[in-house]
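Me: I'd like to go through some of the labels people attach to a structure like this one. Could you show me how each label is earned?

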Amino acid sequence: MSNELITFIAMIAVFLLGCFLCKLPVSISMVLAAIVGALVGTHTFALRHLVEGMFSYVDTILVIATAMIFMKVIQESGALDAIASVIIERLHKVPALMLCMIMLIIMFPGMITGSSTASVLSAGSIMAPVLMMMGVPTLETACILAMGGLLGMIAPPTNIPAMIIGAGIDIPYSGFGLPLVLLTFPLAFAFVLMFGYKYVKNMNYLDVKAKLNTESREKFGVKVYIPLIVAIVLMLMNKAVPAVPDLGMPLVFLISALVGCFTGFKFNLAKVAKDSIESVLPVMGILMGVGMFIQIMTLTGVRGLIVTSCLSLPDWARYVAMAISMPLFGAVSSFGSASVLGVPFLLSFLAKNEIIVAAALSLIASLGDMMPPTALAGIFAAQVVGLEKYTPVLKRCLLACLIIIVWAILFIIFANQLKPFIIFT
């Protein structure tokens, strides 16, 4: 047995013991696994590499933190309630389109933060009562929230697993927009119709209208939407006018959040910022742990072992291994799955268009947020709607998860054929 394999087994064993036996947070378990990997693989503590690994995803952490502050600001200001009420009032006669727009609202926090948890706990907590008022059962509502959080995490503009996979082979996070749109939005619309359409097609609009929160719209009018407009304009400005300097996502979110302080209901910005950071601390901790874990895997040769193992697999076995291993490893962390397995699988498909393949792999990795024990999207979705157990949500979403895997694999198989139809920016 090679030293690399022994190191890998030791790291996985320590991680599993930390998560399941000692009930430690995923981030702490990954740090302990990285330390043990360094001791077993190099016989040293490797402090420099642990520190370097911890800061590997500092840019991504800044995006998550500032995006969550922005998300909480527009929630507290009343913008989310206003958008939800407008959609239902204007589209209640077209229930399919109304459901698709509700799904976009649920996905939006994940789209800007790269976190499924942000979608479920912010927009999801607002839209869940609305869906249930419209007649969607509790379990189906939880499934819509879970799938919305999952696909929102992968949809553009912020896709952390794709960033991690691309960083593994030095692909800049550029040109992913359209591939990610094609990967996520068709599935999101299909799932929300699959889970909810039969319940809302005969909805009693008058009953629902009486329960909608329209206070922010009536009090502030169009002004309540200004922070969202500012964020969109600042994001697109550099692409539309390249001469304008790119502000960067963290600064865009902070500027938009400050604007939101003056466009709706008054709130304590310091408290909102504090609560926002507390809510995403587990995600940021996981990213730090993943960085340390990957750095030590690279240092000890474990990452090379996984890459060569993936490259040596036959084509059919590669697809099977990818479909099974990435979601299961994602139970640890979808970000960890993207880095530990996503990068080797991308290297094994270098004959295909790497941007489309990386985008599809990120979609498969996202299923980790539905896999126990962590199951961030599924567990929080169950909690938001008041379900005691997460298991029914997982069972009900199994078909949707299989569809996601098949959809992503089709994109990988036909990556080169799809390239001429996708304009990369």
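Me: Why is Ser337 called buried?

Reply: In this predicted model, Ser337 has a relative accessibility of 0%. Buried means under 20%, so Ser337 counts as buried. Ser337 sits in helix 18. Leaving out residues up to four places away in sequence, Ser337 touches Met326, Phe329, Gly330, Gly342 and Ala365.

Me: What makes the pair Ser337 and Met326 a polar contact?

Reply: A polar atom of the Ser337 side chain lies 2.8 Å from the backbone oxygen of Met326. The cut-off for such a pair of N or O atoms is 3.5 Å, and 2.8 Å falls within it.

Me: Happy with that. Why are helix 9 and helix 18 called oblique to each other?

Reply: Helix 9 covers residues 160-168 and helix 18 covers residues 334-348, and they pack at an angle of about 45°. Roughly parallel needs an angle under 35 degrees, and roughly perpendicular runs from 65 to 115. An angle of about 45° fits neither range, so the two helices are oblique. Their axes are 8 Å apart, and helix 9 passes helix 18 in a right-handed crossing.

Me: Which residues meet there, and how are they classed?

Reply: From helix 9 come Ile160, Pro161, Ile164, Ile165 and Gly168; from helix 18 come Phe335, Ala338, Ser339, Gly342, Val343 and Leu346. By class, the contact has eight nonpolar, three polar and no charged residues. Gly counts as polar in this scheme, so Gly168 and Gly342 are among the polar residues.

Me: How do you know that Ile160 is buried?

Reply: Ile160, in helix 9, has a relative accessible area of 0%. With the limit for buried at under 20%, Ile160 is therefore buried. Beyond its neighbours within four places in sequence, Ile160 is in contact with Thr60, Ile64, Thr113, Gly114, Leu287 and Phe335. Ile64 is 96 residues away along the chain, yet the two C-alpha atoms are separated by 9.3 Å.

Me: And helix 17 with helix 21: what makes helix 17 oblique to helix 21?

Reply: The axes of helix 17 (residues 315-329) and helix 21 (residues 391-413) cross at roughly 135° and come within 11 Å. That angle makes helix 17 oblique to helix 21, because roughly antiparallel would need over 145 degrees and roughly perpendicular ends at 115. Helix 17 passes helix 21 in a right-handed crossing.

Me: Which residues form that contact, and of what class are they?

Reply: Tyr319, Met322, Ala323 and Pro327 in helix 17 meet Ile405, Ile409, Ile412 and Ile413 in helix 21. The contact has eight nonpolar, no polar and no charged residues. Tyr and Pro are both on the nonpolar list, so Tyr319 and Pro327 count there too.

Me: On to the loop between helix 2 and helix 3: are His43 and Ala46 buried or exposed?

Reply: Both lie in that loop, His43 and Ala46. His43 has a relative accessible area of 67%; exposed means over 50%, so His43 is exposed. Ala46 has 13%, which is under the 20% limit, so Ala46 counts as buried. Neither is a glycine, yet phi is positive in each: about 60° for His43 and about 55° for Ala46.

Me: One last thing: where is the cis peptide bond?

Reply: It joins Pro156 and Pro157, with omega about 15°. Pro157 is in the loop between helix 8 (138-154) and helix 9.

Terms used:
Residues numbered from 1 in each chain as written. Predicted model: local features only at pLDDT ≥ 70, side-chain atom pairs only at ≥ 80, totals over all residues. Heavy atoms only, no water. Axes fitted to C-alpha atoms, helices over the stretch in contact; angles between N-to-C directions. Helix = DSSP H or I, 4+ residues; strand = E, 2+ residues; numbered from the N terminus. Left-handed = near helix turned anticlockwise from the far one by under 90°. Contact = heavy atoms within 4.5 Å. Buried < 20%, exposed > 50% of the residue type's maximum accessible area, 1.4 Å probe, protein only. Polar contact = N/O pair within 3.5 Å; in protein donor to acceptor, adjacent residues only side chain to side chain.
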